There are 2 protein chains.
Amino acid sequence: MSDMLKALKWRYATKKFDTTKKLSEEQLALLKESLRLSPSSFGLQPWHFIVVEDVELRKKLRTAGYDQPQITDASHFIVLATEKNVDASLVEKFVENVATTRNIPVESLTGLRDMLNGAVGMKGEEGAREWAARQVYIALGVLLATAASEGIDAAPMEGFDPEQFDVILGLTERGLTSRVMVALGFRASDDPATDMAKVRYAEEQVFTTM
Amino acid sequence: MSDMLKALKWRYATKKFDTTKKLSEEQLALLKESLRLSPSSFGLQPWHFIVVEDVELRKKLRTAGYDQPQITDASHFIVLATEKNVDASLVEKFVENVATTRNIPVESLTGLRDMLNGAVGMKGEEGAREWAARQVYIALGVLLATAASEGIDAAPMEGFDPEQFDVILGLTERGLTSRVMVALGFRASDDPATDMAKVRYAEEQVFTTM
């Protein structure tokens with residue numbers, strides 16, 4: 001079996017983390033880099049990631065996160081946020097990023113800018129927000145696969161109050177909004193969830209070949 | 001550098017596939033298994049994956065997909081779909097899946113069923129649909145990471161007419177809807193996109209540590 005499949009079978013949504021085991025700086029850097037490199041539609045990267053290390057902040061987030069213990073107990077805790085509004089200013093920032101990275105004049109990217117503004121405009125304001133939210137779930141998938149492949153445990157969590165999170169983390173005034181969160185670290189030896197069989201539909205239930 | 005980061009730097013949204021290079025059966029099985037094993041909220045797996053092998057179907061999909069050549073030219077082509085309605089029947093199917101997998105009586109899962117129905121109900125009909133769409137983007141992220149780690153090229157694509165896709169693939173009557181598609185195979189030696197520098201924001205632009 002490939003290493004990746006082994007990793008995907010090994011991983012599970014960790015319920016109880018070992019509070020004494022911490023990610024090394026190298027491990028944290030690797031996980032962050034997997035988020036940074038994640039694919040997104042048009043490569044627009046309409047996201048921002050908040051690594052919350054402050055203990056008091058994590059306590060507040062736990063309160064706004066249905067008291068889920070992973071928020072405070074895991075080695076690290078990352079909130080995956082998106083731009084609240086996906087608009088021409090985001091496109092402009094991206095076009096400048098393309099010009100700088102590829103060392104080409106920004107004036108040569110008029111076609112790209114127009115195409116992106118057209119594509120974003122077609123979605124409408126709410127549609128573009130939801131589209132941004134979907135993109136950050138790609139990054140979540142890449143992060144979870146990367147963590148598993150490195151033997152790092154993770155608990156992705158959607159259960160929290162985004163408005164409270166945005167206030168606690170100061171995201172509102174930055175035009176960002178919390179979408180999903182991930183606790184990262186190492187499973188406790190007595191996490192009861194570790195030994196529960198992974199529940200997945202059989203191949204024939206989720207695949208059609210035609 | 002870790003193998004995964006090398007893979008994530010190697011990958012890119014392939015524009016031109018080598019039409020003569022095909023995935024082996026083992027490679028296809030591995031990619032499918034990564035989708036099947038993908039995490040989702042509550043483990044609900046509100047998705048279905050359509051592997052389109054039929055040449056004529058792929059031509060029709062290309063027409064409904066803005067004539068993007070990857071749809072017909074890549075070795076394999078997968079449409080990631082979700083349940084159109086996320087409701088009590090989906091929860092019931094999942095609860096039965098849990099009971100069977102873990103060899104426990106379904107009667108013991110009343111609490112789980114109630115919790116899931118409550119969580120899904122809180123989202124509202126449209127909210128639950130969008131939530132399902134987000135979940136399949138986790139699977140997309142896992143698939144793209146897995147493909148890269150195996151040296152398999154991929155082109156994730158959002159540009160298509162979902163209504164036309166649903167009709168062509170017969171998804172409508174199955175209660176499914178197309179969300180995103182992925183062409184898989186191997187880059188052509190003359191794909192002009194291969195040598196373009198990957199555009200990503202610098203770490204400090206997409207991360208905040210607090």
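**Exercise 1. Work out whether Asn103(B) counts as buried or exposed.**

Solution. Start by counting: Asn103(B) has 7 C-beta neighbours inside 10 Å. The cut-off for an exposed residue is 12 or fewer. Asn103(B) therefore counts as exposed. Keep in mind as you go that this is a predicted model.

Next, find its place in the chain. Asn103(B) sits in the loop between helix H5 (88-102) and helix H6 (110-149) of chain B.

Last, look at the backbone. Most residues other than glycine have a negative phi. Asn103(B) isn't a glycine, yet its phi is positive, near 55°.

**Exercise 2. Do the same for Asp67(B): say where it lies, what its phi is, and whether it counts as buried or exposed.**

Solution. Go to the loop between helix H3 (55-63) and helix H4 (70-73) of chain B, and you'll find Asp67(B) there. Now check phi: Asp67(B) isn't a glycine, but its phi is positive, about 60°. Then count neighbours: Asp67(B) has 10 C-beta neighbours inside 10 Å, so it counts as exposed.

**Exercise 3. Describe chain A as a whole: which elements does it have, in what order, and how far does it span?**

Solution. Begin with the tally, which is 8 helices and 5 strands in chain A. Then walk along the sequence, and the pattern reads α-α-β-α-α-β-α-α-β-α-β-α-β. For its extent, the C-alpha trace of chain A spans about 60 × 50 × 30 Å along its principal axes.

Now turn to the packing. Chain A has 210 residues, and 42% of them are buried. Finally, take the contacts in chain A between residues at least 6 apart in sequence: 82% of these join residues at least 24 apart.

**Exercise 4. Trace the open sheet of 5 strands: what is the strand order, and which strands sit at the edges?**

Solution. Write down the order, S3(A)-S4(A)-S2(A)-S1(A)-S5(B), which takes in strands from chain A and chain B. The pairing in this open sheet is mixed. The edges are strand S3 (153-157) of chain A and strand S5 (207-209) of chain B, since each pairs on one side only. As for twist, neighbouring strands here are turned by 25° against each other on average, direction ignored.

**Exercise 5. Zoom in on the S3(A) edge: in which sense does S3(A) pair with S4(A), parallel or antiparallel?**

Solution. Strands of a sheet pair through backbone hydrogen bonds, in either sense. S3(A) and strand S4 (residues 176-185) of chain A take the antiparallel one, over 5 bridges. To see a bridge for yourself, pick Met157(A), whose bridge partner in S4(A) is Met181(A).

Note on methods: Residues are numbered from 1 along each chain as its sequence is written. Chains are lettered from A and ligands numbered from 1 in the order in which they are written. This is a predicted model: local features need pLDDT of at least 70, side-chain atom pairs count only at pLDDT 80 or more; totals for chains, interfaces and linings use all residues. Helices (H or I, at least four residues) and strands (E, at least two) are DSSP runs, numbered from the N terminus. A residue is buried if 20 or more other C-beta atoms lie within 10 Å of its own, exposed if 12 or fewer, and partly exposed in between; C-beta atoms are placed from the backbone. Two residues are in contact if their C-beta atoms, placed from the backbone, lie within 7 Å. Two strands pair if DSSP finds at least two bridges between them. Axes are lines fitted to C-alpha atoms, for helices over the stretch in contact, and angles run from 0 to 180 degrees between N-to-C directions.
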